[in-house]
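This report is meant to be read alongside the sequence and the coordinates. Please keep both in view while working through the sections below.

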Amino acid sequence: MSGDGSQGDKTQCNGVKNHRSALPAAMLSRKNVSMWGVLKKCIGMELSKITMPVICNEPLSFLQRLTEYMEHTYLIQKASTSQDSIHRMKCVAAFAVSAVASQWERTGKPFNPLLGETYELLREDLGFRWVSEQVSHHPPVSAFHVEGIKSDFMFHGSIYPKLKFWGKSVEAEPRGIITLELPLHNEAYTWTNPTCCVHNIIMGQLWIEQYGNVEIINHKTGERCCLTFKPCGIFGKELHKVEGYILDKSKKKICALYGKWTECLYSVDPATFDAYRKSDTKRSEKDRKGSTQSNSADEDPDEMPPPEAETVQVIPGSALIWRISPRPDNSGKYYAFTSFALQLNELNAEMERVLPQTDCRLRPDIRALENGDIDAASAEKNRLEEKQRTARKNRSKSDEEWKIRWFHQGPNPYTGAPDWLYTGGYWDRNKPHLHKINSNQTIHLEEQSVLPLSK
């Protein structure tokens, strides 16, 4: 089941033949930025309504950041070809864990998408095509829909990132339902993502942890996977750890899963895992009793935990399900991006001819930051935000409502919870009437909002 996720870079339909391995300019230093001046009045507030200095951003829209779910698409494809439902659940669980792996060391904030902003990504080499749209501004809601090129899966959801500042840390709770459908097995899986927390926002070394419970449900078989993303804990012993069980419909443990969301995920017999965890708990208690260290980590949970070996201790009899793809050597120079993230904002003339004017790649503020022009990025960011505020004010004075192009509200077909579902038609580019609709919509969006994205 293991795989490195390396698929090779082949021709992409929208014009990219050789994906880039670097950005045009290195990230700028944030050492002289005083976040306290921005955030001191915001403790406990919703951060989506606060304007942050552009130096705090990374050169991607949140819609592009969401696309990083697909970096390890091969896990979905393995699930689709498997004939065993437990094996499929293992693959889906590994995919859910891998979806947050790119956040490791990513301390830059993605740009807030503008209302009506879209992002598409067609990767024949990885076997999928993605479309997303910002369907609401307050509250900010991003909807996405992904199709396997071989019709082997559909992956969709809507995310409402609830951000809060707690004095020394920023907590991001990605509310929203994630749904994966495997048509070959007539199966659907749903789950929600864990909470992400960035520590030491004001001063000190920034570091990230994920925590919370994630329950993945197979709505056909009744099987479920219950994972716990563990908080750091005293002395950093639990940092990045994730563990849990796959249960059958009668709630019997079928297998245990464990690993780190920054590194890998293994499966093992649940009895073996429980015995190992029991002995590990006894060892930890002995270590705590014999330790002369203070509990400073417990007193101040925002302190950077001490370094520890990144490798997971492998329990005998375990099988590797997923291992993270190594980051490029220049990752630290470029916002801690993975190779996949480095490619998300690339743009050439051939792509510009097919992209709608609402695509993230055409945002001048993001492009300026990517090119290292902080002054232009800041000016464009302020211009777009002001234009969006003016458009929202004008709409409030009239009876005109915002028209969402590619998604519509409705109940999730498997949970019944409120969701945003794909309307269809985005990829029908060869139909003459669609070009006309896109053109008219661009004009209409210009009247309603900030779009097109360029001046």
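Which residues lie on one side of β3, which lie on the other, and are they buried or exposed?

## Strand β3 and its two faces

In this predicted model, Thr 118, Glu 120 and Leu 122 lie on one side of β3, while Tyr 119, Leu 121 and Arg 123 lie on the other, and all of these residues are buried, leaving both faces of the strand covered. The strand itself spans residues 118-123, and six of its six residues are buried.

## The β3-β4 hairpin

β3 is joined by six bridges to strand β4, which comprises residues 128-136, and the two strands run antiparallel. Within this pairing, Arg 123, a residue that is buried on one side of β3, stands opposite Phe 128 in β4.

The two strands form a hairpin in which four residues lie between β3 and β4, and Gly 127, located in the turn, has a positive phi of about 85°.

## Helices α3 and α4

Helix α3, made up of residues 74-81, packs with helix α4, made up of residues 85-98, at an angle of about 170°, and their axes are 8 Å apart. Because angles over 145 degrees count as roughly antiparallel, α3 is roughly antiparallel to α4. The crossing of these two helices is left-handed.

On the α3 side, the residues that take part in the contact are Leu 75, Ile 76, Lys 78 and Ala 79, and they meet Arg 88, Cys 91, Val 92, Ala 94, Phe 95 and Ser 98 in α4.

## What covers α3

Helix α3 is mostly covered, with six of its eight residues buried, namely Tyr 74, Leu 75, Ile 76, Gln 77, Ala 79 and Ser 80. Leu 75, Ile 76 and Ala 79 are thus among the buried residues of α3 and also among those that meet α4. The elements covering the buried residues of α3 include, besides α4, the strands β8 (178-182) and β16 (319-323).

## The chain as a whole

The protein chain contains 11 helices and 18 strands, and 54% of its 455 residues are buried. Of the contacts in the chain with a separation of 6 or more, 64% are between residues 24 or more positions apart.

## The annotated span 367-401

In an unreviewed entry, UniProt lists residues 367-401 as "coiled-coil region". In the model, this span is 77% helix and 0% strand, and the C-alpha atoms at its ends lie 30 Å apart.

How values were computed:
Residues are numbered from 1 along each chain as its sequence is written. This is a predicted model: local features need pLDDT of at least 70, side-chain atom pairs count only at pLDDT 80 or more; totals for chains, interfaces and linings use all residues. Side-chain values use heavy atoms; hydrogens and water are left out. UniProt positions are given in the numbering used here, feature names are shortened, and annotations may be inferred rather than shown by experiment. Buried means under 20% relative accessible area, exposed over 50%, partly exposed in between (1.4 Å probe, protein chains only). Two strands pair if DSSP finds at least two bridges between them. Axes are lines fitted to C-alpha atoms, for helices over the stretch in contact, and angles run from 0 to 180 degrees between N-to-C directions. Angles under 35 degrees count as roughly parallel, over 145 as roughly antiparallel, 65 to 115 as roughly perpendicular and the rest as oblique. A crossing is left-handed if the near helix is turned anticlockwise from the far one by less than a right angle, and right-handed if clockwise. Contact means heavy atoms within 4.5 Å.
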